[in-house]
Amino acid sequence: MLEIKRFKVGERMSQAVVHGETVYTAGQVAQSAPGASVAEQTRGILAQIDDLLREAGTDKSRLLSASIWLSDISTFNEMNGVWDAWVVQGQTPCRACVESKLAAPQFTVEISVIAAL
């Protein structure tokens with residue numbers, strides 16, 4: 001049976017889970033920059049994802065998939081400007097990006113990733 005490792009475990013959810021050779025992150029929002037611009041929130045979220053991946057034993061060069069939710073799809077290009085500078089060129093993941101109402105109005109971006117160890 002494969003071991004399951006959980007990181008930053010809370011009552012409702014863990015922020016990351018490793019099963020086998022795969023890391024799954026919970027949807028990340030900009031906890032340190034609520035209400036900031038989409039670009040600033042995206043930067044903060046990607047830094048949180050970097051930290052979670054590092055703690056799990058991997059990094060963004062091993063991304064398999066990403067799901068991105070924007071509260072307003074008109075901010076797609078603003079978010080992509082930050083995303084494109086962050087991802088490792090030539091090793092970009094599969095990705096989906098949709099408009100969705102998020103859990104709280106101060107959050108405009110949410111990102112979840114899956115990565116290989």
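# Close-up views of a predicted model

Residues 24 or more positions apart make up 69% of the contacts in the protein chain with a separation of 6 or more. Keep in mind throughout that this is a predicted model.

**View 1. The whole chain, with 2 helices and 6 strands.** Starting at the N terminus, the elements come in the order β-β-β-α-β-α-β-β. The radius of gyration of the protein chain is 14 Å, close to the 13 Å from the globule rule for 117 residues, so the chain is as compact as a globular protein of that length. Along the principal axes, the C-alpha atoms take up a box of roughly 45 × 35 × 20 Å. As for burial, 43% of the 117 residues count as buried.

**View 2. An open sheet of 6 strands.** Reading across the sheet, the order is β1-β2-β3-β6-β4-β5, and the pairing is mixed. At the edges sit β1 (4-9) and β5 (94-99), each of which pairs on one side only. From one strand to the next, the twist averages 10 degrees. Helix α1 packs on this sheet, where it touches β1, β2 (14-19), β3 (22-25), β4 and β6. The direction of α1 makes about 25 degrees with that of β6.

**View 3. The hairpin of β1 and β2.** Here 4 residues make the link from β1 to β2. The two strands run antiparallel and are joined by 5 bridges. One pair to pick out is Val9 and its bridge partner in β2, Ser14. Another residue to look at is Lys8, which also belongs to strand β1. Its phi is near 50 degrees, a positive value in a residue other than glycine. Is Lys8 buried, partly exposed or exposed? Lys8 counts as partly exposed, because its relative accessibility of 49% does not go over the 50% that "exposed" calls for.

**View 4. Strand β6 between β3 and β4.** How many of the 8 residues of β6 are buried? The count is 7, so β6 is largely enclosed by the rest of the structure. On one flank, β3 and β6 pair in the antiparallel sense over 3 bridges, and Thr22 stands opposite Ala116 of β6. On the other, strand β4 (residues 63-70) pairs with strand β6 (residues 109-116), again in the antiparallel sense, over 7 bridges. Two positions help you find the register between β4 and β6: Ser65 stands opposite Ile114, and Ala66 has Val113 as its bridge partner. A rule of thumb for following side chains here: in a regular strand they alternate between the two faces of the sheet.

**View 5. Where helix α1 meets helix α2.** The axes of α1 (residues 38-56) and α2 (residues 76-86) come within 8 Å and cross at roughly 35 degrees. This crossing is right-handed. On the α1 side, the contact is made by Val38, Ala39, Thr42, Arg43, Leu46, Ile49 and Asp50. Helix α2 brings in Glu78, Met79, Val82, Trp83 and Trp86. Sorted by class, the contact has 8 nonpolar, 1 polar and 3 charged residues.

**View 6. Gln41 and its surroundings in helix α1.** Is Gln41 buried or exposed? Gln41 has a relative accessible area of 0%, so it falls under the 20% cut-off and counts as buried. Which residues is Gln41 in contact with, leaving aside its neighbours within four places in sequence? There is a stretch of partners earlier in the chain, namely Ala30, Ala33, Pro34, Gly35 and Ala36. The others are Gln106, Phe107, Thr108 and Val109. For a sense of how the chain folds back here, take Gln41 and Glu110: they are 69 residues apart in sequence, and their C-alpha atoms are 8.8 Å apart in space.

Key. Residues numbered from 1 in each chain as written. Predicted model: local features only at pLDDT ≥ 70, side-chain atom pairs only at ≥ 80, totals over all residues. Heavy atoms only, no water. Axes fitted to C-alpha atoms, helices over the stretch in contact; angles between N-to-C directions. Left-handed = near helix turned anticlockwise from the far one by under 90°. Contact = heavy atoms within 4.5 Å. Nonpolar A, V, L, I, M, F, W, Y, C, P; charged D, E, K, R; others polar. Buried < 20%, exposed > 50% of the residue type's maximum accessible area, 1.4 Å probe, protein only. Pairing = 2+ DSSP bridges. Rg over C-alpha atoms; globule rule 2.2 N^0.38 Å.
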